[in-house]
Amino acid sequence: MQFRGKQVVAASGAVAAAIALAACSSSSSSSSSAPSSAAASTPAAASTSASASTASGTISGAGSTFQTNFQQGVISAFKSVDSGITVNYNPVGSGTGRSDLYANTVLYAGSDSAIPAKEAGKVPAGKTVLYFPVQIGPIAIAYNVSGVSDLKLDATVLAGIFSGKITTWNDPAIKALNTGASLPSSSINLEVRSDSSGTTANFSQYLVDAAGSSWTLGTSSIISFPKSAHANSGGSAVAAAVKATSDSIGYVDFSTATATSLTSASIKNSAGDYVAPSSASAAAASTHVTPKADLTFLTVDEPGATSYPITYQSWDLVYAKQPNANDAALLQAYLGYLLGAGQSLLTPLNLAPLPASIDAAAKAQLSKITS
Amino acid sequence: MAVVSNQPTIDLREPGGWRRSKNQIATGLMWFAFAVILVPLGLVIYEVIAKGAKAISWQFLTGSTIPPNVMPLGQGGMGAAVVGTLEITAIAAVLAVPLGILGAVYIHEYGGRNWFAKLISFMADVMVGVPSIVMGLFIFTVWVIPRGLSGLSGLAGSLALTCLMLPLIIRATFEMLRLVPNHLREASYALGATKSRVTLTVVLPSAVSGIVSGSLLAIARAAGETAPLLFTIGAVESTNSNPFSGPTTSLPSQIFSNALSPYTGAQDRAWGAALTLIAIAFILLFVARIVTARFTRYAR
Amino acid sequence: MSTAVKADPAKPAGSAGPLSQRRPLGDRGFALLALLAGLLVLAILVGIVVTTAQQGSDWFSTAGFKGIFSTVWNTTDQFGMMAFVYGTVLTSVIAIIISIPVSLSVALLLTEVVPRRWAQPIVVIIDLLAVVPSVVWGLWGIIVLEPWIEPIYASIASGVHGIPVLDNLFGESNGSVSGASFFTAGLILAIMITPIITSLSREVIATVPAIDKEGAYALGATRWEMIRGAVWPHSQAGVVSAILVGLGRAMGETIAAALVIGSSVQVTSHLFVPGYSIPAVIANQFGESSGEFRSALIGLGLVLFVITIIVNLFARAVVERSGRRSRGA
């Protein structure tokens with residue numbers, strides 16, 4: 001193959017340079033590409049409640065994947081409120097988020113659980129961690145059984161299904177709760193998580209609390225489900241698997257279940273009522289929560305007739321003492337927005353905003369971020 | 001007495017029966033193998049183009065804001081990831097290629113039989129098998145953490161990719177150096193050249209086509225890696241064109257985090273990013289082929 | 001090319017020794033640069049080993065050598081590595097078995113069969129295969145390949161049902177086969193390592209001296225016989241080394257393996273069932289890990305190091321033995 005030397009080299013060099021130049025030049029111009037409609041969904045209240053702070057700079061957070069949609073939405077909306085502050089969020093998982101915080105590589109960590117006891121030693125000496133509750137959301141039990149559209153389950157039966165003791169859909173235990181439904185005799189295809197996740201941690205926490213001795217697999221961000229269960233990496237993969245496999249059942253956070261158009265079961269709560277997962281039923285559950293002084297709490301298995309029992313929560317963890325005043329101001333501005341106008345972004349995402357009392361307490365805690 | 005009579009005539013120009021069939025079968029199998037590798041390549045390219053083409057637009061490639069996953073196509077774009085990938089890969093290449101070539105030169109030309117050179121050569125072989133995520137963790141421990149808040153950056157990602165590319169470039173260069181015939185070196189020494197001169201003006205140029213293609217495969221591999229960047233570059237929602245400060249993102253990172261998302265907008269963006277990434281890699285390859293064609297001194 | 005050094009036939013230019021002071025500065029500088037590069041490379045490589053060992057020591061001090069051979073992994077207090085070691089080795093072996101015949105065939109095709117002007121398109125195709133990023137292979141594997149291949153596994157499994165050895169390999173386990181399995185991971189890995197092995201083999205095969213090849217033809221050999229008789233002995237060592245590079249890549253592949261291997265901690269001879277490998281478990285479970293759990297995951301990385309070292313040592317021994325025979329041409 002003869003290449004017409006110089007011309008071809010020049011041409012390809014020009015092509016490569018053009019692409020690089022275009023990319024660089026558009027990045028240096030202000031982010032004027034299409035005002036995001038996320039801003040449109042933010043009610044007008046956004047501009048009135050948050051005052052543009054005088055601080056400017058970049059803050060980075062990392063952690064819980066449960067918070068991904070919310071953080072992305074808030075970051076996007078916050079830009080139009082205060083364009084001097086750039087916020088980044090990296091959904092690497094609650095554990096890595098906390099590790100990043102201990103290592104001081106991020107300013108805030110998203111975590112679906114409080115710092116576990118075995119990590120207590122990792123917090124640098126002299127540093128206090130502040131918990132800012134961020135969002136509440138339901139964990140849906142999604143299923144795909146033809147002919148069944150209103151499945152009712154309770155903690156004991158769920159424990160049986162997910163530990164492999166109940167293996168067919170027409171098992172007497174399931175039938176007892178669903179007298180009107182025609183359940184097939186096929187075996188249950190179990191879809192679970194293979195990767196570590198806050199969803200697994202909180203779902204298993206619910207089973208420990210509500211199913212008692214029927215659940216023997218404990219609670220952790222990774223559970224050793226029975227071998228017959230099909231493990232998937234990531235919540236969306238579980239959802240996709242349930243959608244694609246007939247006679248399957250799996251646990252996945254409600255926003256993902258809705259986005260994948262899955263049917264979710266109604267679960268019996270501690271008041272004895274069968275409640276379907278929704279933003280409202282999760283919010284109802286959260287009204288019964290009394291947080292501890294440091295604002296940690298669990299929303300699983302809350303009382304109340306309309307409460308959804310498998311509800312969980314997430315926090316942003318921040319050090320009380322920041323290395324410099326600018327970082328403290330940036331955090332206060334961003335978290336203030338997130339706890340204020342940002343909360344209105346939650347319901348459209350099929351999550352629930354914080355109950356008023358917890359939200360107020362969190363906002364009051366903002367002043368504890370000092371330098 | 002002549003012994004000719006009942007001997008069968010053997011045609012010495014053509015191999016007979018079974019030998020010939022073996023030859024044909026072997027050739028047939030070789031072509032079959034080629035067909036076999038066409039299948040996955042064709043399928044993957046087809047999928048990526050089919051799913052990614054609708055996302056591609058000038059705004060997609062250069063838009064500096066990455067929209068939230070729930071947003072459909074049409075808003076913002078992957079400019080942040082394109083810039084990130086180009087910058088991170090370029091810096092990694094600038095670091096790894098000279099270092100790798102020099103390392104291989106040391107092992108082959110200067111090290112000789114000494115234990116040090118053998119150790120490096122051995123370690124380079126071993127390193128090819130290290131999971132890419134471990135490289136990322138290494139850089140996270142020794143580079144990102146000591147720097148605290150300014151640790152996550154494009155540069156940290158480049159360092160992780162350099163660790164990944166080094167053993168590959170060393171290997172490829174070493175193999176090429178090994179194949180340069182000794183008589184070339186000897187002839188140069190005989191003319192009075194110093195060792196460095198021989199290496200730079202005779203040995204390396206005659207090996208350059210293999211070195212370039214080996215380096216480019218390494219660069220293309222680095223451009224497509226996700227795991228080493230997980231703990232080193234962080235993530236961003238808008239373009240950060242400074243690779244030395246502040247977190248950034250990359251095309252593979254975006255592909256990985258988006259494509260499994262349940263939201264169609266995110267999925268479409270992921271496939272668009274995959275198409276972009278493959279196009280970048282292909283351009284790299286094209287440039288390499290041209291360079292090789294221009295500079296190959298010893299045609300095979 | 002004349003230098004300031006007096007030409008002394010007894011001491012050729014460029015040689016080390018007491019006359020090194022007479023070597024030009026640039027020459028010594030370059031030698032030093034090469035040495036520094038070597039040092040830096042070694043420092044990086046050793047650094048990775050050391051930090052990994054440090055972070056894995058937490059786990060090792062609790063679990064000890066027993067931990068490596070235990071198959072129990074429950075993410076809270078028991079971290080046995082055997083299932084992942086087994087999975088890594090198994091998927092890599094599957095990948096190599098599938099890839100070797102294909103890669104070598106294509107390499108031979110390029111060097112011996114196809115006329116030079118038509119070699120270019122084939123080379124382009126191999127390069128294209130090589131540049132597809134691993135994350136794209138992983139996604140294609142999980143979204144396209146898995147659902148398509150599962151029914152194929154199912155029919156193979158029912159076909160071998162009852163046949164002694166084949167059933168253990170290709171039959172069902174726990175009553176089912178799965179698209180996400182050891183074999184699927186091995187297949188994707190094979191696709192990923194084929195271009196590397198092909199390119200490296202091709203470079204090696206192309207340097208077989210033409211004299212030997214022409215000599216074989218002159219003796220009346222067919223092309224296949226020439227390949228076996230003239231090409232193979234010369235390129236053995238290089239090809240084995242190319243395969244080794246491919247094997248290394250297969251063992252260290254993280255993302256693609258993590259997505260398609262099925263994430264199930266089990267040691268079984270059945271190939272069509274989900275399994276786990278070292279890079280896959282690190283990628284999947286690192287996010288939420290901490291303390292001894294995290295240390296165990298990093299320790300797994302170190303174990304993979306050791307496995308790669310063993311494999312490399314073994315292959316070097318093989319190459320040395322065959323190299324001794326064919327070198328000297």
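**Stop 1: chain C against chain B**

Select chains B and C of this predicted model. Color the residues where the two meet: 79 residues of chain C are in contact with 82 residues of chain B. Now look at which helices of chain C build that side. Those that each supply at least two residues are H1 (25-69), H2 (82-113), H3 (116-131), H4 (134-159), H6 (182-205), H8 (223-252), H10 (278-285) and H11 (291-326). Which helix gives the largest share? Pick H1(C): 18 residues of the side that touches chain B come from this helix. Color that side of chain C by residue class next. You should find 52 nonpolar, 20 polar and seven charged residues.

**Stop 2: one helix crossing in that interface**

Stay on H1(C) and add helix H5 of chain B, residues 132-144. The axes of H5(B) and H1(C) come within 10 Å. They cross at roughly 80°. Angles of 65 to 115 degrees count as roughly perpendicular, so H5(B) and H1(C) are roughly perpendicular to each other. Show side chains where the two helices meet. On H5(B), select Val134(B), Phe138(B), Thr141(B) and Val142(B). On H1(C), select Gly47(C), Ile48(C), Thr51(C) and Thr52(C). By class, this contact of H5(B) with H1(C) has four nonpolar and four polar residues, and no charged ones.

**Stop 3: chain C by itself**

Hide chain B. Color chain C by secondary structure. How many helices and strands does chain C have? There are eleven helices and zero strands. Walk from the N terminus and every element is α. Chain C has 329 residues, and 52% of them count as buried. Turn on a contact map if your viewer has one. Among contacts in chain C with a separation of 6 or more, 74% join residues 24 or more positions apart.

**Stop 4: chain C against chain A**

Bring chain A into view. Here 20 residues of chain C are in contact with 22 residues of chain A. Select H9 (255-260) and H10 of chain C: each supplies at least two residues of the side that touches chain A. H10(C) also supplies at least two residues of the side that touches chain B. Color the chain A-facing side of chain C by class. It has four nonpolar, 15 polar and one charged residues.

**Stop 5: a β-α-β unit in chain A**

Select strand E1 (residues 57-63) of chain A. Add helix H4 (residues 68-81) and strand E2 of the same chain. Together, E1(A), H4(A) and E2(A) make a right-handed β-α-β unit. E1(A) and E2(A) run parallel, joined by six bridges. For one opposite pair, click Gly57(A) and then Ile85(A) in E2(A).

Now zoom in on E2(A), residues 85-90. Are its residues buried or exposed? Six of its six residues are buried, so to speak a strand that is mostly covered. In a regular strand the side chains alternate between the two faces of the sheet. Rotate to check: Ile85(A), Val87(A) and Tyr89(A) point one way. Thr86(A), Asn88(A) and Asn90(A) point the other way.

**Stop 6: a three-stranded sheet in chain A**

Move to the open sheet ordered E5-E10-E11 in chain A, with mixed pairing. Strands E5 (152-153) and E11 (274-275) stand at the edges. Each has a single partner strand, so one side of each is left without a neighbour in the sheet. Select E5(A) with E10(A), residues 266-268: two bridges join them, and they run parallel. End on Leu153(A), which stands opposite Ile267(A) in E10(A).

How values were computed. Residues are numbered from 1 along each chain as its sequence is written. Chains are lettered from A and ligands numbered from 1 in the order in which they are written. This is a predicted model: local features need pLDDT of at least 70, side-chain atom pairs count only at pLDDT 80 or more; totals for chains, interfaces and linings use all residues. A residue is buried if 20 or more other C-beta atoms lie within 10 Å of its own, exposed if 12 or fewer, and partly exposed in between; C-beta atoms are placed from the backbone. Helices (H or I, at least four residues) and strands (E, at least two) are DSSP runs, numbered from the N terminus. Two strands pair if DSSP finds at least two bridges between them. A crossover is right-handed if, with the strands pointing away from the viewer, the path from the first strand over the helix to the second runs clockwise. Two residues are in contact if their C-beta atoms, placed from the backbone, lie within 7 Å. Ala, Val, Leu, Ile, Met, Phe, Trp, Tyr, Cys and Pro count as nonpolar, Asp, Glu, Lys and Arg as charged, and the others, Gly among them, as polar. Axes are lines fitted to C-alpha atoms, for helices over the stretch in contact, and angles run from 0 to 180 degrees between N-to-C directions. Angles under 35 degrees count as roughly parallel, over 145 as roughly antiparallel, 65 to 115 as roughly perpendicular and the rest as oblique.
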